[in-house]
Structure formats: structure tokens, C-alpha cells
Amino acid sequence: MILDIEPNGAFAVKSQCEDAVLIFIAPPSAEELEKRLCNRGDTSSQQIALRLERARWEMEQSKKYDYIVVNDRVDTCAEEILKIIAHVADQMEE
């Protein structure tokens, strides 16, 4: 099962299922994240500021994850996640 959840939810899942594998998908940088949010054109500057503040907290929480994947390019990020999933599946079979 794959869940797309924020850190508190991820840690709650991990506390209930010790075998859960946490993968944090990180932006390449805070600057790139801000650029992506601004380029959407549908987010107010106040919302962007709140999201950046939240992102700083989430990045700090990433240290508690099993893996961190940087989303610099969608295809590369997806490949890395698939490799992690395959690796974890192989470990479970052993």
C-alpha cells in the first residue's frame, strides 16, 4: 500500500506498522520549491509563505524517514522510488 501523507501521519502509520517504509520526497531546494509554487499562478503570496514555512518543518522531519528522494526531475524521482520499492520487496522475500 502506498500512502501520500504528511510527516505526522507517516509517523503514526510507522508506530502501528513497524514494517512500514517511509520515503520522503524532497524538493531540490527551498528556492526551487518557492519558484514552483509561484509558477503555478494559483497560490497567493500568503499561502506560499505558509507552505514554505510548513516545508521547512517537513524537511526537518525527513531525518526520521527511511529514504529521502529529491524530486529534481519527475522521471528520475519516480525511478528512484520504484528502485526503493523493489529493494524493500526483495528484502521482504528473504
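The largest pocket in this predicted model has a volume of about 1200 Å³. Its lining is made by 35 residues, and those that lie nearest the centre of the pocket are Leu3, Asp4, Ile5, Ile23 and Ile25. Several elements contribute to this lining, for α1, β1, α2, α3 and α4 each supply at least two residues. The table sets out the make-up of the lining by class.

| Class of residue | Number in the lining of the largest pocket |
|---|---|
| Nonpolar | 26 residues |
| Polar | one residue |
| Charged | eight residues |

Leu3, which is among the residues nearest the centre of the pocket, belongs to the segment that comes before α1, a helix covering residues 7-16. Is Leu3 buried, partly exposed or exposed? Its relative accessible area is 45%, and because this value falls between the limits of 20% for buried and 50% for exposed residues, Leu3 counts as partly exposed. Leu3 also takes part in a nonpolar surface patch of about 370 Å², which it makes together with Met1 and Ile5. Leu3 and Ile5 therefore appear both in this patch and among the pocket residues nearest the centre.

The surrounding protein chain contains four helices and two strands, and these follow the pattern α-β-α-α-β-α when read along the sequence. Among the elements that help to line the pocket, β1 covers residues 23-26, α2 residues 30-40, α3 residues 45-61 and α4 residues 74-93. Along its principal axes, the C-alpha trace of the chain spans about 50 × 30 × 20 Å, and of the 94 residues in the chain, 23% count as buried.

Methods
Residues numbered from 1 in each chain as written. Predicted model: local features only at pLDDT ≥ 70, side-chain atom pairs only at ≥ 80, totals over all residues. Heavy atoms only, no water. Patch = residues over 30% accessible without salt bridge, like charges linked within 9 Å, V, L, I, M, F, W, Y side chains within 5 Å. Areas by Shrake-Rupley, 256 points an atom, 1.4 Å probe, with all protein chains shown as cover. Salt bridge = Lys/Arg side-chain N within 4 Å of Asp/Glu carboxyl O. Buried < 20%, exposed > 50% of the residue type's maximum accessible area, 1.4 Å probe, protein only. 1 Å grid on protein atoms, 1.4 Å probe; cavity = no way out; pocket = protein on both sides within 12 Å on 5 of 7 lines; lining within 4 Å. Points joined across faces, edges and corners; volume = space filled by probe spheres on them. Nonpolar A, V, L, I, M, F, W, Y, C, P; charged D, E, K, R; others polar.
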